[in-house]
Amino acid sequence: MTPSAFTLRHVTAPTDPAIAAFGRVQEASYYAPDMLIPPEVFGHLITRRSPEREDRLLVAQTPGGEVLGGTLYALLPLPGGLRGAGFNSFMAVTRAARGLGVGRALHGETLRVIREAGLAGMFADSVHPARQNEEDRAAEAATGVDPAGRRAALHALGLRTVDIPYWQPVGGPDGGPLTDLDLLFQPAQPARTVPLALVTGILRAYWSGWLGEERARAEAQALADRAGHTQDAPLLPGTSTATWWSEGRQV
């Protein structure tokens, strides 16, 4: 299969069969699918529109309609000079289509959308292998994904590790914080740092949908406190973990 053997399109109808197809790709590609946004919610997300948030589902399909992969991402404009950014919730490609440029094409199109919207770049988060427990590492290996290889692939796409003490507020053991992730960012234009105010503003906007406004605001403030209210956070190689974790600190 060549790159010309698939096309990209944004799914806009909640009844589109590509939604369920991408849901199956997502479940087969991630070692903990119960932690992902369930596909039955996608139809609601992609038809919800507000000045503060727009969720989009982009899929790659063969001429016959087979979904080879896709990505669910959000556009999160912010007021003032920060402009806002995107947040990539998840990107996955079928085993058969890996290595064929599908992921690169999906990511490239989302970046085109980000730039066209005048946003500052794209955020994502990703597990770092150094902080992954043995059970999760084995579960991920069963999906055919090597965590170190995944981070190398994200770095090759242009994503960089934001050097801040990041974790998801919920999702870990007993509902506590999920601490094996790093926050990643790809600036729309070349940069070595990202404003902390942009980081916290985007996370507050992104988290509000599932934490509520008050909790999201508190978690964003706690992150700013941990980061020492620095003006700009350095961007490290996408294969690296943040300094907080490399120093062996704990939550």
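User: How are the accessible areas obtained, and what area does the protein chain expose?
Analyst: Accessible areas come from the Shrake-Rupley method with a 1.4 Å probe. The model is a predicted one. Carbon and sulfur atoms supply 54% of the exposed area of the protein chain. The area that the protein chain exposes is about 11600 Å².

User: What radius of gyration does the protein chain have, and how does this agree with a compact globule?
Analyst: The C-alpha trace spans about 50 × 40 × 35 Å along its principal axes. A compact globule of 251 residues would have a radius of gyration near 18 Å. The value for the protein chain agrees with this, at 17 Å.

User: Which residues have the most contacts inside the largest nonpolar core?
Analyst: In soluble globular proteins, nonpolar side chains tend to be buried together. The largest nonpolar core here has 49 residues. Helix H6, residues 196–211, gives the most to this core, with eight residues. The residues with the most contacts inside the core are Phe-123, Val-162, Ile-164 and Val-199.

User: Leaving aside neighbours within four places in sequence, with which residues is Val-199 in contact?
Analyst: Val-199 is one of the buried residues of H6. Contact here means heavy atoms within 4.5 Å. With sequence neighbours within four places left aside, the partners of Val-199 are Phe-123, Val-162, Ile-164, Leu-183, Val-194 and Leu-223.

User: Which residues does the second, separate core include?
Analyst: Apart from the largest nonpolar core of 49 residues, a second core has 15 residues. Among its members are Leu-58, Tyr-73, Val-93 and Leu-119.

User: Is Arg-83 buried, partly exposed or exposed?
Analyst: Arg-83 lies in the loop between strand S4 (67–77) and strand S5 (84–93). Its phi is near 70 degrees, a positive value in a residue other than glycine. Buried means under 20% relative accessible area and exposed means over 50%. The relative accessible area of Arg-83 is 44%, so the residue is partly exposed.

User: What is the phi of His-229, and where is this residue placed?
Analyst: At 47% relative accessibility, His-229 counts as partly exposed. The residue is placed in the loop between helix H7 (213–226) and strand S10 (232–236). His-229 is not a glycine, yet its phi is positive, near 55 degrees.

User: How far apart are the mean positions of the positive and negative charges of the protein chain?
Analyst: The protein chain has 23 positive and 26 negative charges. The mean position of each set is taken, and the distance between the two is 6 Å.

Notes. Residues are numbered from 1 along each chain as its sequence is written. This is a predicted model: local features need pLDDT of at least 70, side-chain atom pairs count only at pLDDT 80 or more; totals for chains, interfaces and linings use all residues. Side-chain values use heavy atoms; hydrogens and water are left out. The radius of gyration is taken over C-alpha atoms; the globule rule is 2.2 Å times the number of residues to the power 0.38. Lys and Arg count as positive and Asp and Glu as negative; His and the chain ends are not counted. The place of a charge is taken as NZ of Lys, CZ of Arg, CG of Asp or CD of Glu. A nonpolar core is a set of buried Ala, Val, Leu, Ile, Met, Phe, Trp, Tyr and Cys residues joined through side-chain atoms within 4.5 Å. Buried means under 20% relative accessible area, exposed over 50%, partly exposed in between (1.4 Å probe, protein chains only). Helices (H or I, at least four residues) and strands (E, at least two) are DSSP runs, numbered from the N terminus.
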